[in-house]
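Subject: Handing over the structure

Dear colleague,

I am passing on to you the structure we spoke about, and below it you will find my notes on what turned up in it. Please keep the structure open while you read, and look up each place as it is named.

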Amino acid sequence: MSTVLARRVASTPVRTASQTWSKITEILAPDPASAVHAELRKAAGVACASISSEATRDAAIIVWGAGPRVRVYCVFDDDAITGEDVSEDALPRSPTDGDWRMSIPCLPEDVPWSSNRLASVSTRISARAMDEDVEDEETAAKAAAPPLTVNLAEFLKP
Amino acid sequence: MSTSTFVVSYAYTVTYVTTKMLLVLKEIIREIGLDPSRLTDDFDTYEDAVSTWISSRHLQRITLEVYDPRTNGLVTRWDIDVAYSTVGEGRLWVDTAVVRYAIAKAGVAPSSCSYDIKLKNAPGRPDVPGWRPCDSRSTDGLRRYSIGATVGGNGLHAQTAYWSR
């Protein structure tokens, strides 16, 4: 079974959208001089559109690959002010070490332009509609495995 | 419509209204058929300017000028006007549905159009790096239609309007 970690980052009215994305980037890629940090900065426009529309309230920014799968949600309104459910601790291991992918949830209407924009700046980061999820490796493997059938003739042989 | 009912400081109100005004702007750009990337790629730059000038109470308007690049003439214009008051009920809200409804009536812009985003301030604004004075395109031949308040907060409101032939 794969490991899933979750973080909940305070957003408006405590942080603007770009401040929220900076905090998420800091959690996912702590080294500001790293190539991963730079790649996440290039996705800031789409991420800010997602955060400002509050798509990240119930749908996670998902990172997966060699490390643990990480789901990052944003906390808004009074919960952001009181810190209710906010968890911004550093991750035990960076999920962006090695091969990694990221999916950013968007309003369905924002998916076409967001996908085009992300494709021009990154091969690892993509956009999805906020009501869609990203399959984990086990589900994907099960879906890809051929169905099992029973050879009744052989099975019923004495 | 998203509504929050809790008491917030003016600093939080500025953060909320800044982010939601830019959200409304992004919704307008996308709904009239243009690519919001030019706005979102510089989201932090716009946030810095809008929040600085709302904090100092100098920001009067965010304007989206949609123009024909061949003639530089204005095709349509959207205004998000900021209104300041000394009292507020502490409630934060944004309504993007009213923008979509207005665009359904006003129609989309030709895909060949481009756009500029301009901020209008009262005299004496503090400087924000990267911003300089500019002129607005003429609205001759266009008529202004108000669609009402789209963002509200603790002593701050944003009213949206568009210009059309």
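Two rings of Phe, Tyr or Trp, with the six-membered ring taken for Trp, are called a pair if their centres lie within 6.5 Å, and the pair counts as stacked if the planes are under 30 degrees apart and as edge-to-face if they are over 60 degrees apart. By this rule there are four aromatic pairs over all chains. Please bear in mind throughout that this is a predicted model.

One of these pairs is formed by B:Trp53 and B:Trp131, whose ring centres are 5.9 Å apart and whose planes are 75° apart; because that angle is over 60 degrees, the pair is edge-to-face. The two residues are 78 positions apart in the sequence, with B:Trp53 in helix α3 of chain B and B:Trp131 in the loop between β5 and β6 of chain B, and thus the pair links distant parts of the chain. B:Trp53 has a relative accessibility of 2% and counts as buried, whereas B:Trp131 is partly exposed at 21%.

Another pair consists of B:Tyr145 and B:Tyr162, with 5.3 Å from centre to centre and 25° between the planes, and this one is stacked. Here B:Tyr145 belongs to strand β6 and B:Tyr162 to strand β7 of chain B, and the two are 17 residues apart. With a relative accessible area of 29%, B:Tyr145 is partly exposed, while B:Tyr162, at 9%, is buried. Coming back to B:Trp53 and B:Trp131, I should add that ring pairs join them with B:Tyr46 into a cluster.

B:Trp131 also appears in my notes on the largest pocket, which holds about 570 Å³ of space. Its lining is made up of 23 residues, and those closest to the centre of the pocket are B:Lys118, B:Leu119, B:Trp131, B:Arg132 and B:Cys134. Which elements of chain B each supply at least two residues of this lining? They are α2, α3, β2 and β5, and β5(B) gives the most, with seven residues. Sorted by kind, the lining has nine nonpolar, five polar and nine charged residues.

Two further residues of chain B may help you to practise reading burial and contacts. B:Ile28 is placed in helix α1 of chain B, and because a residue counts as buried under 20% relative accessible area, B:Ile28, with 0%, is buried. Setting aside neighbours within four places in sequence, B:Ile28 is in contact with B:Leu64, B:Trp78, B:Ile80, B:Val99, B:Ile103 and B:Thr160. The C-alpha atoms of B:Ile28 and B:Leu64 are 8.9 Å apart, although 36 residues separate the two in sequence.

B:Arg57, by contrast, is found in the loop between α3 and β2 of chain B, and this residue is partly exposed, with a relative accessible area of 39%. Its contacts, again without the neighbours within four places, are B:Tyr10, B:Tyr84 and B:Ser85. B:Arg57 and B:Leu34 are 23 residues apart in sequence, and their C-alpha atoms are 30 Å apart in space.

Turning to chain A, you will find seven helices and five strands, which follow one another in the pattern β-α-α-α-β-β-α-β-α-β-α-α. Chain A has 158 residues, of which 49% count as buried. Among the contacts in chain A with a separation of 6 or more, 69% are between residues 24 or more positions apart. The accessible surface of chain A is about 7900 Å², and 53% of that surface belongs to carbon and sulfur atoms.

Finally, a few details of the backbone deserve a look. The peptide bond that leads from A:Thr12 to A:Pro13 is cis, with omega near 10°, and A:Pro13 lies in the loop between β1 and α1 of chain A. A:Asp85, which is not a glycine, has a positive phi near 70°; this residue sits in the loop between α4 and β4 of chain A and is exposed, with a relative accessible area of 54%. B:Asn72 likewise has a positive phi, of about 65°, without being a glycine, and its place is the loop between β2 and β3 of chain B, where B:Asn72 is partly exposed at 43%.

With best wishes

Technical notes. Residues are numbered from 1 along each chain as its sequence is written. Chains are lettered from A and ligands numbered from 1 in the order in which they are written. This is a predicted model: local features need pLDDT of at least 70, side-chain atom pairs count only at pLDDT 80 or more; totals for chains, interfaces and linings use all residues. Side-chain values use heavy atoms; hydrogens and water are left out. Helices (H or I, at least four residues) and strands (E, at least two) are DSSP runs, numbered from the N terminus. Buried means under 20% relative accessible area, exposed over 50%, partly exposed in between (1.4 Å probe, protein chains only). Contact means heavy atoms within 4.5 Å. Accessible areas come from the Shrake-Rupley method with a 1.4 Å probe; for residues, only the protein chains shown count as cover. On a 1 Å grid over the protein atoms alone, a cavity is a set of points where a 1.4 Å probe fits but cannot get out, and a pocket is an open set with protein on both sides within 12 Å along at least five of seven lines; lining residues have an atom within 4 Å of a point. Grid points are joined across faces, edges and corners, and a volume is the space filled by probe spheres set on the points. Ala, Val, Leu, Ile, Met, Phe, Trp, Tyr, Cys and Pro count as nonpolar, Asp, Glu, Lys and Arg as charged, and the others, Gly among them, as polar.
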